[in-house]
Amino acid sequence: MPTIVVEVMPKAELLDPQGKAVAGALGRLGQTQPALANVTGVRVGKRFEISIDGEADAATLAAVRELADTVLSNSVIEDVVGIHVQDAPSAAVA
Amino acid sequence: MRIGVVTFPGSLDDRDAARAIRLAGADAVALWHGDHDLHGVDALVLPGGFSYGDYLRAGAIASLSPIMTEVIDAANQGMPVLGICNGFQMLTEAHLLDGGLIRNDKGRFICRDQGLRIENNASDWTTGFEANTEIVIPLKNGEGSFMASAETLKALEGEGRIVARYIGGNPNGSLNDIAGVTNARGNVVGLMPHPEHAVEAGFGPDTDDAMASGIDGLTFFTSVIARALVGA
């Protein structure tokens, strides 16, 4: 089943308190795990996977682009950073 | 006067809002998110809470509710609409108010009595305040940090559309200490703090006079009622 993936991130110029909290936790882990010591920041965004019947044709993609800009993201505080098509909903990496 | 309070799945403060409306002297009308009917009310309150669990974005899914079609039409025709907390978030998501609200800058849910300065006393919900009155009402939210583009912010400031500003320190990272804004017409107001929790002595914020005696929030509701009485 074709799946359209939409990725949304908080606007780069806005503070991302969620990312900051995660970065803080990684910083604390970095004190005991040297591999994490050079992490300089984390931003947390959203990934939507929209499953559709049939082809992901131009009209469908245009409709999803519209949806991404108007519903899935709020342009005041977020940016749509990616839209792409894959063959199926994502599964865990083996 | 009849003021509607819309209940969404996850609304918490709808009953407090209705109580505030009654204490201010109007009839509170319970409205349902799934209806397409405002039951002939004269004004509307979108209450606080966590509609749809704040999924997607706070207020985003509620802003697409059936009743919002009627709310948006009524607001555009000049009906007074007050969005409190989650209701404010809905109004920004519905594009009835400028800006947006993100997580508090310190990452904490804040619940406390908060000082505000009422800077716009011309909106439908603030005419009862003297200009630049300082009040104290409860603030309780996790995503109350007001954001807007530099251009929008300039317009809000230039047109006097900042209704309320935080005083005594910025609690959540809101740009320009903004706690509430209005639209150009002044009928739609969004507030992050909760006036409906400061309307009855014994249940409000502490004041210099007595514990829990603060009723500064009542003026928002009496303002809109007074406005209706003069037939503005």
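Let me start with the open sheet in chain A, which has three strands in the order 2-1-3 with antiparallel pairing. Strands here are DSSP runs of E of at least two residues, helices are runs of H or I of at least four, and both are numbered from the N terminus. Two strands pair if DSSP finds at least two bridges between them. This is a predicted model, where local features need pLDDT of at least 70, side-chain atom pairs count only at pLDDT 80 or more, and totals for chains, interfaces and linings use all residues. Residues are numbered from 1 along each chain as its sequence is written, chains are lettered from A and ligands numbered from 1 in the order in which they are written, and side-chain values use heavy atoms, with hydrogens and water left out.

The edges of that sheet are strand 2 (46–51) and strand 3 (78–86) of chain A, each pairing on one side only. From one strand to the next, the twist averages 20 degrees; axes are lines fitted to C-alpha atoms, for helices over the stretch in contact, and angles run from 0 to 180 degrees between N-to-C directions. Eight bridges join strand 1 (residues 3–10) of chain A to strand 3 of chain A in the antiparallel sense. One of the partners in strand 3 is A:Ile83, opposite A:Val6.

A:Val8 sits in strand 1 of chain A. Is A:Val8 buried or exposed? A:Val8 counts as buried, at 2% relative accessibility. Buried means under 20% relative accessible area, exposed over 50%, and partly exposed in between, with a 1.4 Å probe and protein chains only. The C-alpha atoms of A:Val8 and A:Lys46 are 5.1 Å apart, although 38 residues separate them along the chain.

A:Lys46 comes up again at the largest pocket, which holds about 440 Å³ of space. Of the 26 lining residues, the closest to the centre are A:Gln18, A:Lys46, A:Glu78, B:Arg103 and B:Glu143. At least two lining residues each come from strand 1 and helix 1 (17–30) of chain A, and from helix 3 (86–93) and strand 5 of chain B.

There is also one cavity of 30 Å³ or more in the whole structure. The largest cavity has about 40 Å³ of space, and its lining includes B:Phe50, B:Cys85, B:Asn141 and B:Glu143. On a 1 Å grid over the protein atoms alone, a cavity is a set of points where a 1.4 Å probe fits but cannot get out; a pocket is an open set with protein on both sides within 12 Å along at least five of seven lines; lining residues have an atom within 4 Å of a point. Grid points are joined across faces, edges and corners, and a volume is the space filled by probe spheres set on the points.

Next, the aromatic pairs. How many does a search over all chains find? The search finds three. Rings of Phe, Tyr and Trp (its six-membered ring) pair if their centres lie within 6.5 Å; planes under 30 degrees apart count as stacked, over 60 as edge-to-face and the rest as tilted. B:Phe50 and B:Phe109 make a tilted pair, because their ring centres are 6.3 Å apart and their planes stand at 35 degrees. B:Phe50 is in the loop between strand 3 (43–46) and helix 2 (66–76) of chain B, and B:Phe109 in the loop between strand 5 (100–102) and strand 6 (110–118) of chain B, so the pair ties together parts 59 residues apart in sequence. Both rings belong to partly exposed residues: B:Phe50 has a relative accessible area of 36%, and B:Phe109 is at 47%.

B:Phe129 and B:Phe220 form an edge-to-face pair, 4.9 Å centre to centre with 65 degrees between the planes. B:Phe129 lies in the loop between strand 6 and strand 7 (133–141) of chain B and B:Phe220 in helix 5 (residues 218–229) of chain B, so this pair ties together parts 91 residues apart in sequence. Both residues are buried.

Last, strand 9 (residues 162–166) of chain B. Five of its five residues are buried, so strand 9 is largely enclosed by the rest of the structure. Strand 9 pairs antiparallel with strand 6 of chain B over three bridges, with B:Arg117 opposite B:Arg165. Three more antiparallel bridges join strand 9 to strand 10 of chain B, where B:Ile162 stands opposite B:Val181.
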